[in-house]
Amino acid sequence: MFSRSDDVSFIPGQPVTAVVQRIEIQKLRQGDHLILGFSIGGGIDQDPGQNPFSEDKSDKGIYVTRVSQGGPGEVAGLMMGDKIMQVNGWDMTMVTHDQARKRLTKKNEEVVRLLVTRKSLEEAVRHSMM
Amino acid sequence: MPSRDMDNESQYSGYSYKSSHSRGSRKHKRDKHRSKSRDGSSRGDKSVTIQAPGEPLLDAESTRGDDRDDNWGETTTVVTGTSVDSVSNEDLTRVSKDLDESTPLECKRFLGPVLGCCLSLFALVTPLAFLVLPQVLWRDALDPCGTPCEGLYVSLAFKLLVLLISSWALFFRPPRATLPRFFVFRCLLMVLVFLFVASYWLFYGVRVLEPRERDYRGIVEYAASLVDALLFIQYLALVLLEVRHLQPAFCLKVVRTTDGASRFYNIGHLSIQRAAVWVLDRYYSDFTVYNPALVNLPKSILSKKMTGFKVYSLDENTTNNSTGQSRAMIAAAARRRDNSHNEFYYEEADYDRRVRKRKSRLVVAVEEAFTHIKRLHEDEVASSPKHPREVMDPREAAQAIFAPMARAMQKYLRTTKQQPFHSMDSILTHLQFCITHNMTPKAFLERYLTPGPTVQYQRENGRGRQWTLVSEEPVTTALRQGLVFSLRRPDFSLVVTVTPLPFLRLGEEYIDPKSHKFVMRLQSETSV
């Protein structure tokens, strides 16, 4: 389900609106771990200027930096460069890198439901409006 | 080659339209005769031109001047050069400059210092006179004065010695400049000293000489108090004349009008005339020498700009087209002018290349010339019968090696238009000097490759340099913001602008040495 969007950049004090896509990922068991098959970067304790995927270089959100081939993430439709907005209802726009990692790798959860956003979504919505 | 000196005049000319009172007319010199002759010659053109009438476009027309004699006088301007009997303007300026040089030294220059000298001698002798006169005149009637007086004598002697030495150190110097108006502080101090000493003499005459005072100790104390007062006046003089202007308060911008060479100087609280002297002191060692040949754009570029269009109308009525013609002329002239910057650019590049070529030839020639001689040490054998070597003194050595480099040097100087500053003789003298002091060829050439400060080219001259201070305010006013004055010479002038130095508000920020901490810029990637 697509929601109405303006832009993804962050204005302090203002609510962030974005077009998001729901992605449901089934974790894959590999030995003792449950893996999701992608890598994340970013966080409020990281340096946002080095993020190659963000449009606004002060954006400290969590971004998908790599999606492994054939992994659960790719299967569910996750793409490289996506910004993760929510994980199972938990907000991911204002978390540290380690907090994000912990929210994604909870041992007792088999499924994670993400809200991700990317630029192409916004354009798709605009095209569909016209 | 005859060398042409820029500055070889004598003293400062007077400039003041208001009369200044009283003592010492030394400040009030005004040499009308000299300034007039200089003005007359400075206004004339230094260069001689023959201006051909019209432009290439109309050359055909103008050479047929015989046919239209009535119009010929109006449109042509011909200035003839020097003939055998006539005297050109250049000669006039040179003659007037020579005249100034040969006039005797003006006595007014030394009037002030002599006056000051007399006054200070008078002041120094006074305490001794106070002591000596009673002894001479009524020795028998004086009360005997024992140890206290001797103590006073000693202190008096030492104070006088200190006064003498410090006066000599501070004030007895040959005057460096003569100012157009009174040097206010100096006059003030001299008046003060005079009044002081005179009043002491007055009291002395009334209280001591008249009634033949017997208390000798009182007289000695009186003399000692005079010496103390003189010491304090000298302290005041030190502060007013030497110390007050040391703390910088203003920034002066000095610009030379002919070629735009400019400098900024920091200066303290001074009057305009003193600031002018200060600036000129620095002018002689900071500013590169004024070279009139380098000032203008080459004639080849300018002459094309100066020619304009002449529009001829072929039909009979000319009244309607007059404005159109002038507009067309202006437009055409504006378009024509667009090309001259191009030419200027290429001329400059060409000139640079020529200078560099000549310079490289000169450097090589000088290096080779210097290899021909070497210094003979005392213990070396001077000559052997098989290879007799002539031992030369520096002058001969210089002459020996000068020949191969002379041509390259002359060409280089000509290209950089420096040849008026260096005569063959001066180059030889400089070469001799360099050889004597074991200088390398590069050190020898340093004098010619870059134009040096003006003081390097001055002839030793006791007459001094003549500058005119041009100012809208009276020249004894103190410097303040926005003041502009200029210092003029026949060839150029220096325009000085005064701006105050900004008031500085200095704040403080303490940094704990332990507070310098750093973190790495993180960009971690975690796989989940």
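This is a short talk on how chain A and chain B touch in a predicted model.

Okay, so keep in mind that we're looking at a prediction here, not an experiment. Let's start with the contact as a whole. Chain A puts in 19 residues, and chain B puts in 8 residues. Between them the two chains bury about 1,100 Å², with 46% of that on carbon and sulfur atoms. And if you want to know where chain A's share comes from, look at A:Gln46, A:Asp47 and A:Gln50: that trio supplies 36% of the area chain A buries against chain B, more than any other three residues.

Now, the polar side of things. Across the contact I've got 7 residue pairs in polar contact, counting pairs where both residues are at pLDDT 80 or more. Which elements of chain A give two or more residues to this side? Those are β4 (38-42), β5 (62-67) and α2 (97-104). β4(A) gives the most, with 5 residues. By type, chain A's side splits into 5 nonpolar, 10 polar and 4 charged residues.

On salt bridges, the count between the chains is 1. The side chains involved are A:Arg66 and B:Glu525, at 4.0 Å, N to O. Since the cut-off is within 4 Å, that pair sits right at the limit, so I'd read the count with that in mind.

Hang on to B:Glu525, though, because it turns up again in the strand pairing, as a residue of β6(B). How does β4(A) pair with strand β6 of chain B, residues 525-527? The sense is antiparallel, over 3 bridges. In that pairing A:Gly41 stands opposite B:Glu525, while A:Ile40 has B:Thr526 as its bridge partner.

β4(A) has a partner within its own chain too. It pairs with β5(A), again in the antiparallel sense, over 5 bridges. One of the matches there is A:Gly42 with A:Ile62. So β4(A) is paired with β5(A) and also with β6(B).

Last thing: is β4(A) mostly covered or mostly open? Covered: 5 of its 5 residues are buried. In a regular strand, side chains alternate between the two faces of the sheet. Here A:Phe38, A:Ile40 and A:Gly42 point one way, A:Ser39 and A:Gly41 point the other way, and all of them are buried.

That's the picture I wanted to show: a strand of chain A, β4(A), that gives the most residues to the contact side and pairs with β6(B) across it.

Terms used. Residues are numbered from 1 along each chain as its sequence is written. Chains are lettered from A and ligands numbered from 1 in the order in which they are written. This is a predicted model: local features need pLDDT of at least 70, side-chain atom pairs count only at pLDDT 80 or more; totals for chains, interfaces and linings use all residues. Side-chain values use heavy atoms; hydrogens and water are left out. Contact means heavy atoms within 4.5 Å. Buried area is the accessible area (1.4 Å probe) that two parts lose on being put together, summed over both. A polar contact is a pair of N or O atoms within 3.5 Å; within protein, one must be able to donate a hydrogen and the other to accept it, and residues adjacent in sequence count only if both atoms are side-chain atoms. Helices (H or I, at least four residues) and strands (E, at least two) are DSSP runs, numbered from the N terminus. Ala, Val, Leu, Ile, Met, Phe, Trp, Tyr, Cys and Pro count as nonpolar, Asp, Glu, Lys and Arg as charged, and the others, Gly among them, as polar. Two strands pair if DSSP finds at least two bridges between them. Buried means under 20% relative accessible area, exposed over 50%, partly exposed in between (1.4 Å probe, protein chains only).
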